[in-house]
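Reader: I should like to be taken through a structure step by step. How should its features be read?

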Amino acid sequence: MARMARMALLYLLLTLFAITTLAPFLWMVLTSLKPLEEVERLHPFPSTWRFDNYQQVLVQIPFARYYFNSLFVAAWVTFLTCLTSAMAAFAFARLRWRFRDGVFRLYLATLMVPGVVTMIPNYTLMVKLQLLDSYAGLIVPSAFSAFGTFLLRQFFLTIPAALDEAAEIDGASKWQVFWDVVLPLARPGLITLALFTFMGNYGSFFWPLVLIKSEHLRTLPIGMLFFDSTYGRQTNLLMAASLMNIAPLIVLFVVAQKFLVRGIQMGAVKG
Amino acid sequence: MSRMGGSRARREGWTALGFLLPNLLGFLVFTSGPVLFSLAISFSNWNLQQTVPFRWIGVENYAHMLRDTEFWLYTINTFYFLLGLPVSIAGSLFLALLLSQQIRGVVVYRTLFYLPSFTSGVALMILWKSLYNPDFGLINTVIRNVSDAFHLGITPPEWLLSTKNVLGLEVERIGVARAQWGLGARDAIIIMGIWTAIGGNNMLLYLAALTNIPQELIEAGQIDGAGRWALFRHIVWPQLAPTTFFIVVMSFIGGLQGGFEQARVMTGGGPAGTTTTLSYYIYTRAFEEFQIGYASAVSWTLFALIFVLTWINWRFGNREVHY
Amino acid sequence: MRAVFLGSLILLTILSVIAWRLQPTDSADGRVTLVWVSDDNPARREQIALFHALYPQYRVQLDPSNGGVEKVIVQSLGGVGPDLFDCYDGFQLSAYVRSGVAWDITEELPRLGVDINALWEPLRSYALYEGRIFGFGTNISADAIWYNKDIFDAEGVPYPKGPWKWDAFVKLAQRMTRRDASGRVIRFGFLCDWWNWLHFAYQWGGRIYTPDGTRCIVDSPENIAAVQFLHDLIYRYRVMPGPVEEAAMATQGGWGSGTITRFGAGKAAMALGGRWWLCTLRSYRNLRLGVAESPHARYRIFRAYGKATLINRYSPRRYEALRFLAYQASQAYNDLINRQADGIGPVARYAYTEAFLHNPAHPEEDQNHVWREAVAHSISDQVSPFVSGQVAMRILSRQLDLVKNNQKSPAEALRTAARQINAEIARTLEQDPVLRARYHALAGISSGAGRR
């Protein structure tokens with residue numbers, strides 16, 4: 001009986017907290033379906049359900065273009081980050097060379113560098129390289145991650161070295177070992193890194209804000225601000241746009257969350 | 001296919017360079033290079049305005065910073081925002097403890113709790129802004145209704161419009177004043193931060209650490225007749241120490257760098273600069289006033305601050321961790 | 001694993017090709033495209049349409065999202081700046097000139113037959129920097145009192161009329177403020193944007209800097225009295241909303257700032273605003289509007305504000321962009337602005353016409369002479385060469401925020417602001433030898449003003 005009561009309390013607490021995390025989202029959904037005049041009314045439900053708000057978003061801003069840009073940039077960054085990080089992690093985890101530990105510590109130290117420190121020089125670098133207002137300017141500086149190298153190195157270390165030695169005895173080169181032995185076994189790690197990178201980059205706000213000028217290169221977080229400008233604030237459309245914006249992330253998370261959870265644990269606990 | 005031991009390291013050295021090169025190049029160009037570059041220009045008067053000739057001015061930017069009241073106030077703000085960390089970390093631990101009981105639907109709860117972490121963007125901040133509206137926002141409406149129902153006579157806080165804070169810090173002056181005591185913009189942002197972080201990565205970390213605790217330890221404790229609290233205090237908590245340490249260090253690093261988006265989207269750094277953190281200050285100095293040299297000096301100071309604090313954490317926090 | 005990476009690479013490459021194909025091509029019809037950074041509103045589009053009609057070889061593309069001094073300067077220096085951009089005050093002009101982004105057209109503009117002296121006098125400081133020409137005026141405004149005729153009729157109060165003084169105004173505003181049984185204001189007597197404080201400061205005789213710009217004197221007794229009056233409107237006379245009440249009246253949608261839409265929604269009987277409010281207010285069908293000259297204090301002067309359009313020095317199309325400035329000097333453009341009520345056209349003489357006074361499309365707007373009179377009595381903001389306008393504005397607006405929130409007295413706030421701005425001036429001088437020499441020359445002449 002006491003156990004029953006305890007479990008009931010447990011579920012109650014969990015559900016209560018779940019409600020607090022969920023409520024703002026429900027509010028977002030409801031707001032996105034309200035007519036403009038009702039946005040600031042406290043009553044949660046719209047008097048008429050405006051499903052065409054979603055269509056309005058597509059009409060008022062080039063939403064599809066922004067959407068494409070966000071996904072396109074995040075996809076390139078994810079691809080490049082995974083590739084370069086995996087290669088570097090292989091060098092740190094599997095090869096023996098001088099200065100290895102020193103260089104690795106340097107990598108770790110840069111995890112502490114605040115973004116604003118590198119922001120100004122990177123910006124001037126973009127100016128010098130004529131990469132302002134371009135996809136390349138959005139993609140390239142974000143494509144080399146010390147964090148990714150660190151995370152994958154932790155993964156690689158859990159893979160028994162005997163496996164690559166066996167492959168090398170069979171005549172495989174390091175390059176082949178990397179592709180055919182280590183990478184397939186590190187798949188959960190790669191997926192984790194891909195998820196983190198994608199999610200982080202997809203929502204990035206500051207860099208595109210200062211770097212991008214042209215309408216057709218704008219990503220969603222910047223493009224959406226149209227609905228929050230001093231001229232014509234339309235919170236209902238803003239909410240509709242941001243729900244469409246986060247939809248792919250929610251799907252990704254639900255599908256791949258077991259990798260994400262594992263990745264978070266790997267990156268930290270073994271560190 | 002065995003090779004000679006001596007040449008192996010050298011041979012692998014070249015291979016390693018090949019593997020490392022793509023990442024290392026990017027790392028040098030976009031991370032370590034800029035770090036050194038910003039250190040260099042923090043000793044210059046560079047301000048993008050071509051009427052002022054570029055000049056090396058030694059430590060003048062740093063000297064000016066020490067006299068710059070704004071810098072000190074924003075440093076205090078930056079630390080003030082760390083006040084939410086203990087609550088958020090304890091909350092994550094509490095949720096993880098709840099979830100680690102044998103319950104059904106862990107995945108559902110975990111997903112719901114994690115929701116705020118990956119959507120913490122512009123829209124969510126605008127949403128919170130309207131929740132905090134002193135007059136018709138959801139939060140104050142609830143407070144007012146509760147207050148009326150129980151005749152408490154509470155005047156709800158003005159949240160993002162107010163410079164009050166729980167420590168009673170003065171506005172524009174370093175000090176404490178009674179009149180400033182209350183809930184204001186800084187607290188509003190902290191509360192939002194707690195809500196965002198509590199069910200996120202930290203909770204997942206604790207959850208993992210909890211499942212890794214050997215079952216025998218717990219059972220042994222139960223046999224000794226330890227109570228629930230004693231079990232937690234003497235067995236679970238020490239086992240979680242490395243995780244807690246990691247979380248504290250990472251939260252510190254993240255917290256000291258933070259506050260940019262909140263200031264930009266929700267408050268513009270106001271009212272009266274109370275929600276301006278060092279990150280936001282650097283941004284305004286660099287990108288709105290073009291004092292690149294000075295902004296670099298401030299950002300290097302921030303870096304040094306983070307570095308030193310992390311080192312202290314490491315040095316003294318580690319000692320208390322029992323492996 | 002190789003397959004996965006290779007597949008991703010191929011997919012991304014295909015996407016890149018698609019993205020590259022989707023880039024909008026530069027106008028293929030042989031017209032010259034000029035990008036103009038300005039705010040977007042329906043009036044702006046008509047102005048562009050008229051330009052296209054007059055000069056079919058050009059295409060002006062409005063870019064409302066890259067406004068802001070910082071963006072324009074950084075993008076121009078980075079080689080991706082606009083061709084034309086708006087400058088909203090003398091502060092901004094100095095930032096554009098000092099960063100080298102504004103193109104000096106002292107020689108080029110007169111060659112197109114454009115006379116800079118045709119501009120309304122206060123507008124010249126938006127285009128002229130230390131005697132050199134950098135642009136041409138876009139439009140100009142000075143504020144007057146908007147009133148809601150229906151509210152006055154319902155109260156049985158006669159419409160206000162200028163010239164008049166603020167003490168008479170306060171009595172009227174108190175009369176027009178309505179409260180409910182609990183004392184909560186349901187309709188305010190007056191609305192005014194807080195950043196308009198300079199409108200009051202000038203009337204009280206205040207200035208931001210000494211005439212030579214060497215010292216900030218924003219803490220003068222005149223300025224303090226003016227800000228005190230503004231503060232009193234909220235907290236003593238209670239005719240104007242404070243920050244919390246303003247947040248409660250937040251409005252959605254529509255062009256323009258919150259104050260305009262609040263006034264349009266009948267939440268106040270009167271408001272201090274410009275003629276350009278009509279761009280928004282004309283669409284409020286059931287609103288009957290009246291205009292009266294703004295009350296004054298010691299001096300019957302009003303704050304002028306407007307904008308000028310400048311040309312990016314780094315633009316490869318800068319010579320073509322000159323054509324647009326010449327267009328802004330033309331009668332066709334000025335008549336259009338005056339018709340649209342997007343402020344008043346930049347050239348003064350086109351406002352002294354019958355067409356300006358009576359717009360056949362809007363016969364109800366029969367008080368246009370009030371606006372013209374206000375601009376004729378207006379002065380523009382000062383600029384100091386010794387401090388970044390951005391910095392001065394940041395300092396001032398933060399201090400004034402504190403006054404608005406009733407957390408600091410006007411005297412205290414303005415004293416802090418003056419101290420901080422003077423500290424910035426000292427710092428600029430420390431770093432910039434050219435300015436330092438100039439400062440000492442000036443400070444030598446104007447005795448006492450250059451105290452450091």
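Author: The following turns take up a sheet, a helix contact between chains, a cavity and two backbone details. Please bear in mind throughout that the model is predicted.

Reader: Let us begin with the sheet in chain C. In what order do the strands of this open sheet stand?

Author: One reads a sheet by strand order and pairing sense. Here 5 strands of chain C form an open sheet in the order β8-β9-β10-β7-β11, and the pairing is mixed.

Reader: Which strands stand at the edges?

Author: The edges are taken by β8 (178-179) and β11 (289-292) of chain C; each has a single partner strand, so one side of each lacks a neighbour in the sheet. For β11(C), the pairing with β7 (residues 144-148) of chain C is antiparallel and extends over 4 bridges. Within it, C:N148 has C:L289 of β11(C) as its bridge partner.

Reader: Which helix lies across β7, β8, β9 and β10 of chain C?

Author: That is α8 (residues 166-176) of chain C, which runs at about 160 degrees to β9(C).

Reader: Let us turn to the contact between chains. At what angle do the axes of α2 of chain B and α19 of chain C cross?

Author: A helix pair is described by axis distance and crossing angle. The axes of α2(B) (residues 60-67) and α19(C) (residues 410-431) come within 13 Å and cross at roughly 170 degrees. Angles over 145 degrees count as roughly antiparallel, and this description therefore applies to α2(B) and α19(C).

Reader: Which residues meet there?

Author: From α2(B), B:E60, B:N61 and B:H64 meet C:R427, C:E430 and C:Q431 of α19(C). By class, this contact has no nonpolar, 3 polar and 3 charged residues.

Reader: How many cavities of 30 Å³ or more does the structure hold?

Author: There are 2 such cavities, and the largest encloses about 270 Å³ of space. Its lining comprises 21 residues, with B:N47, B:Q291, C:R427, C:T428 and C:Q431 nearest the centre. Two or more lining residues come from each of α14 (292-317) of chain B and α19 of chain C, and α19(C) gives the most, with 4 residues. The lining of this largest cavity divides into 6 nonpolar, 10 polar and 5 charged residues.

Reader: Why do a positive phi and a cis peptide bond deserve a remark?

Author: They deserve one because most residues other than glycine have a negative phi, and most peptide bonds are trans. In chain A, A:F99 is not a glycine, yet its phi is positive, about 65 degrees; A:F99 sits in the loop between α3 (63-94) and α4 (100-110) of chain A. In chain C, the peptide bond from C:G162 to C:P163 is cis, with omega near -10 degrees. The loop between α7 (149-155) and α8 of chain C holds C:P163.

Conventions: Residues are numbered from 1 along each chain as its sequence is written. Chains are lettered from A and ligands numbered from 1 in the order in which they are written. This is a predicted model: local features need pLDDT of at least 70, side-chain atom pairs count only at pLDDT 80 or more; totals for chains, interfaces and linings use all residues. Side-chain values use heavy atoms; hydrogens and water are left out. Two strands pair if DSSP finds at least two bridges between them. Contact means heavy atoms within 4.5 Å. Axes are lines fitted to C-alpha atoms, for helices over the stretch in contact, and angles run from 0 to 180 degrees between N-to-C directions. Angles under 35 degrees count as roughly parallel, over 145 as roughly antiparallel, 65 to 115 as roughly perpendicular and the rest as oblique. Ala, Val, Leu, Ile, Met, Phe, Trp, Tyr, Cys and Pro count as nonpolar, Asp, Glu, Lys and Arg as charged, and the others, Gly among them, as polar. On a 1 Å grid over the protein atoms alone, a cavity is a set of points where a 1.4 Å probe fits but cannot get out, and a pocket is an open set with protein on both sides within 12 Å along at least five of seven lines; lining residues have an atom within 4 Å of a point. Grid points are joined across faces, edges and corners, and a volume is the space filled by probe spheres set on the points.
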